Amino acid sequence: MAMTPFRPHSACLLTIPALLFAGIASGQAQSDRPPWAQKPKSTASATATPKSSTASTSTSASAPDGEPGKIVQPTPTPTTPTDDPQDAAGQRGRIRVNVNLVNVLVSVLDEKNRPAPDLPREAFQLFEEGVEQKIDKFEPETSQPLDLAIMIDASLSAHKEIAFEQEAAAHFIRQVLRPGDRLSVFAVDENVTQLASFSDNVAELQAAVRRIPSGAGTSIYDAVLLGSRALARRGNDRRRVIILVTDAGETTSHSDFDAARKEAVLSNALLYTIVIRPVKNENGRNTAGEHALETMTDTTGGAMFFPDSPQELPAIFDRIDRELRTQYLLAYYPTPRGPANTYRSIVVTVTLSNYQVRHRKSYLTGPQ
């Protein structure tokens with residue numbers, strides 16, 4: 001059967017409205033959130049410990065970057081004291097510069113859903129909140145290296161097809177990595193465990209994918225949040241990608257929908273979500289989890305896939321690989337600049353017939 005990715009319909013001049021999430025994400029009222037994303041915010045403290053029943057070692061939130069074998073849980077952002085007179089004096093002596101350049105990665109497909117390379121700058125129009133923006137930077141087929149986090153759901157509900165998922169992911173690792181790229185492997189169950197740190201060692205990364213153990217719960221929000229944080233520490237001159245393979249059955253996250261989405265937007269990571277549905281009818285599926293992931297995926301500008309069987313995974317991974325190699329990089333300085341701490345919607349159009357541009361993205365404005 002053909003795979004069914006979440007895609008827009010093509011048009012001669014296709015405009016895809018991005019989702020707008022206004023308001024301060026961290027302080028958003030419960031009633032403003034989607035019904036399927038409403039859940040009590042957890043106040044559980046976070047730790048990072050080796051995966052062992054006999055030892056427990058506290059680590060910082062940087063554990064997902066280069067410490068394989070760690071069980072990682074979200075940690076609260078530490079507050080910085082402001083009542084130190086010396087510190088205040090030091091702050092007064094600093095020069096603050098706000099860099100407002102917004103980078104937008106765009107995938108363009110032809111009428112046969114194949115990546116469309118070699119389009120000129122003049123073919124693109126970019127809008128923020130309905131206002132056309134000047135494209136200040138344009139790179140056809142961007143040469144920025146990739147940082148990828150592959151996150152595979154290892155919960156009992158998803159474990160039925162885990163062997164096929166592992167082999168498909170192992171093939172993708174060998175296929176996708178180019179000189180300069182780095183990839184990390186995470187297992188997702190009631191915990192988020194980094195099995196291999198960011199590297200280009202194909203053999204080690206494939207071995208990590210193949211040893212993903214089975215777990216109990218599913219911490220999808222924690223996975224998106226922690227994967228985004230790990231990627232954010234990798235440098236601003238690199239493209240950041242999360243590939244999440246899951247059944248969408250969120251059950252055990254410490255963080256919530258809002259925190260996960262905000263972290264993904266702040267890290268500027270593309271989220272590609274592959275939902276393996278244990279049953280096809282809605283009565284037996286976690287449709288709330290699917291809707292939540294669909295919203296987060298759209299917000300980052302990524303893509304969502306619903307394969308009819310695990311056997312379609314190699315073709316989906318191949319499609320993601322081809323997209324990542326033919327993306328256009330557009331950048332602009334927002335005019336006018338939006339209010340601080342609000343989600344701003346971006347729309348990209350291509351002024352040529354027979355092409356569709358898939359771009360649904362929001363970004364979060366910083367302080368004024």
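The following dialogue asks why certain features of this predicted model carry the labels they do.

Guide: This is a predicted model in which local features need pLDDT of at least 70 and side-chain atom pairs count only at pLDDT 80 or more, while totals for chains, interfaces and linings use all residues. Residues are numbered from 1 along each chain as its sequence is written, and side-chain values use heavy atoms, with hydrogens and water left out.

Visitor: How many helices and strands does the protein chain have?

Guide: The chain has 7 helices and 17 strands. Helices (H or I, at least four residues) and strands (E, at least two) are DSSP runs, numbered from the N terminus.

Visitor: What span does helix 2 reach, and what is expected?

Guide: Helix 2 (residues 162-176) has 15 residues and reaches 21 Å from first C-alpha to last, close to the expected 21 Å. The expected span is 1.5 Å times one less than the number of residues.

Visitor: Why is Phe-124 called buried?

Guide: Its relative accessible area is 5%. Buried means under 20%, exposed over 50% and partly exposed in between (1.4 Å probe, protein chains only), so Phe-124 is buried. Tyr-328, with a relative accessible area of 1%, is therefore buried too. Of the 368 residues of the chain, 52% count as buried.

Visitor: What makes Phe-124 and Tyr-328 a tilted aromatic pair?

Guide: A search of the whole structure finds 5 aromatic pairs. Phe-124 and Tyr-328 form one that is tilted, with 5.0 Å centre to centre and 55 degrees between the planes. Rings of Phe, Tyr and Trp (its six-membered ring) pair if their centres lie within 6.5 Å; planes under 30 degrees apart count as stacked, over 60 as edge-to-face and the rest as tilted. The distance of 5.0 Å is within 6.5 Å, and 55 degrees is neither under 30 nor over 60, so the label is tilted. Phe-124 in strand 5 (residues 124-128) and Tyr-328 in strand 14 (residues 328-332) are 204 residues apart.

Visitor: Why is the pair of Tyr-221 and Phe-257 called edge-to-face?

Guide: The centres are 6.3 Å apart and the planes are at 70 degrees; 70 is over 60, so the pair is edge-to-face. Tyr-221 lies in helix 4 (residues 220-232) and Phe-257 in helix 5 (residues 257-267), so the pair ties together parts 36 residues apart in sequence. Both residues are buried.

Visitor: How do you know that Arg-261 lies over the face of Tyr-343?

Guide: Arg-261 is at 4.7 Å from the ring centre. The rule asks for NZ of Lys or CZ of Arg within 6 Å of the ring centre and within 35 degrees of the ring normal.
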